[in-house]
Amino acid sequence: SGALWLAEARTLVMADVHLGYGWALRRRGQLGPVGDDLVCRKLMETVDELDPTSIVFLGDLVHAPKPAPEERAAVENTVRALAERAEVIVVLGNHDRGLVRDFPSLPATVCRQWEGGGITAVHGDQALPTADHVVIGHLHPALGVIDHAGASHKMPIFVTGVELTLLPAFSPLAAGCNVRDGIAVRPTDAQVLAASGKRVVALGPLTRFSHRTESRRS
């Protein structure tokens, strides 16, 4: 799913869910399909499968501040449904700048940093804390690939190293940043793992995919 499962703590960590994305686009005059049902269905399927005791949203729970009434209801209904199943924690991200004001009754604990299950979790839009292992979102890491038909795709990936892990965007509507074009934060001894259905596939070291970009820059 692109989520991080901390088995011993029974905690589900998801970054960049961007609830209300489609509604926010409509408020800007883009009249495409809302599409938030895809995100909500993915959320519920993941929770049904893993049955966590805690759910941590690692920043950018929502896409934009000042939601429209339908947008507000959709976000509140989703979080309430999750809160009936598990404790909900929201680590604030840059898109969550109006969250506390816009959703004062949200059944969730709101914070800037979360610690548990052997990790320290922040969104990643600000300076990273000093800790044994930090997990961040924000960068939406993805790998550009070309299928047998010649079509290009962005495949969500985890990038993980000794002290740092980058989570892919959980929302299937959030375009990823192709690591072949470079990445703002590079974990030490970084490895790339693809989120593919219910499998996580090890693809090897990050340098294998960034070598071409580094060569162009040198």
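Me: Which residues does Asp102 touch, not counting residues up to four places away in sequence?
Reply: The model is predicted. Asp102 sits in helix H4, residues 99–102. With sequence positions up to four places away left out, its contacts are Pro65, Lys66, Pro67 and Arg72.

Me: Is Asp102 buried or exposed?
Reply: The cut-off for buried is under 20% relative accessible area. Asp102 has 7% relative accessibility, so it counts as buried.

Me: With which side chain does the side chain of Asp102 make a polar contact?
Reply: The contact joins two side chains at 3.0 Å. One belongs to Asp102; its partner is Arg101.

Me: Over the face of which residue does Arg72 lie?
Reply: Arg72 is one of the residues that Asp102 touches. Arg72 also lies over a ring, 5.8 Å from the ring centre. The ring is that of Phe103.

Me: At what distance from the ring centre of Phe170 does Lys42 lie?
Reply: A charge counts as over a ring within 6 Å of the ring centre. Lys42 lies over the face of Phe170. The distance to the ring centre is 4.3 Å.

Me: How many aromatic pairs does a search of the whole structure find?
Reply: Ring centres must lie within 6.5 Å to pair. The search covers the whole structure, and the count of aromatic pairs is zero.

Me: What span should helix H3 have at 1.5 Å a residue?
Reply: H3 runs over residues 69–83, which makes 15 residues. The expected span is 1.5 Å times one less than the number of residues. The end C-alpha atoms of H3 are 21 Å apart, in agreement with the expected 21 Å.

Me: What arc around the axis do the buried residues of H3 cover?
Reply: The buried residues in H3 are Glu71, Val75, Glu76, Thr78, Val79 and Leu82. They lie on the same side of H3, because their arc around the axis is only 160°.

Me: How far does helix H2 reach from its first C-alpha to its last?
Reply: H2 covers residues 36–50, 15 residues in total. At 1.5 Å a residue, 21 Å is expected. The reach from first to last C-alpha is close to that, at 22 Å.

Me: Why do the buried residues of H2 lie on the same side, and what arc do they cover?
Reply: Buried in H2 are Asp36, Val39, Cys40, Leu43, Thr46 and Val47. They are on the same side of H2 because they cover an arc around the axis of only 130°.

Me: Which residue takes a positive phi just after H2?
Reply: The residue is in the loop between H2 and strand E3 (54–58). It is partly exposed, with a relative accessible area of 44%. Its phi is about 50°, although it is not a glycine. It is Asp51.

Me: Near what value is phi of Asp60?
Reply: Asp60 is in the loop between E3 and H3. At 2% relative accessibility, Asp60 counts as buried. Asp60 is a residue other than glycine, yet its phi is positive, near 55°.

Me: How many Å apart in space are Gly93 and Leu61, C-alpha to C-alpha?
Reply: Gly93 lies in the loop between strand E4 (87–91) and H4. Gly93 is buried, at 5% relative accessible area. In sequence, Gly93 and Leu61 are 32 residues apart. In space, their C-alpha atoms are apart by 7.7 Å.

Me: Which residues does Gly93 touch, not counting residues up to four places away in sequence?
Reply: Buried Gly93 has a relative accessible area of 5%. Leaving out positions up to four places away, Gly93 touches Gly59, Asp60, His123 and Asp125.

Me: Which side chain does a polar contact of 3.2 Å join to that of His140?
Reply: His140 is in the loop between strand E8 (134–136) and strand E9 (141–146). His140 is buried, with 11% relative accessible area. Its contacts include His18, Ala169 and Cys177. The side chain in the polar contact is that of Asp16.

Me: What distance separates the C-alpha atoms of Asp147 and Arg80?
Reply: Asp147 is in the loop between E9 and strand E10 (152–160). Asp147 is partly exposed, at 33% relative accessible area. Along the chain, Asp147 and Arg80 are 67 residues apart. Their C-alpha atoms are separated by 39 Å.

Me: Which residues does Ser152 touch, not counting residues up to four places away in sequence?
Reply: Ser152 lies in strand E10. At 61% relative accessibility, Ser152 counts as exposed. Beyond positions up to four places away, Ser152 touches Val145 and Ile146.

Terms used: Residues numbered from 1 in each chain as written. Predicted model: local features only at pLDDT ≥ 70, side-chain atom pairs only at ≥ 80, totals over all residues. Heavy atoms only, no water. Helix = DSSP H or I, 4+ residues; strand = E, 2+ residues; numbered from the N terminus. Buried < 20%, exposed > 50% of the residue type's maximum accessible area, 1.4 Å probe, protein only. Polar contact = N/O pair within 3.5 Å; in protein donor to acceptor, adjacent residues only side chain to side chain. Contact = heavy atoms within 4.5 Å. Phe/Tyr/Trp six-rings, centres within 6.5 Å; stacked < 30°, edge-to-face > 60°. Lys NZ or Arg CZ within 6 Å of the ring centre and 35° of its normal. Arc of directions from axis to C-beta.
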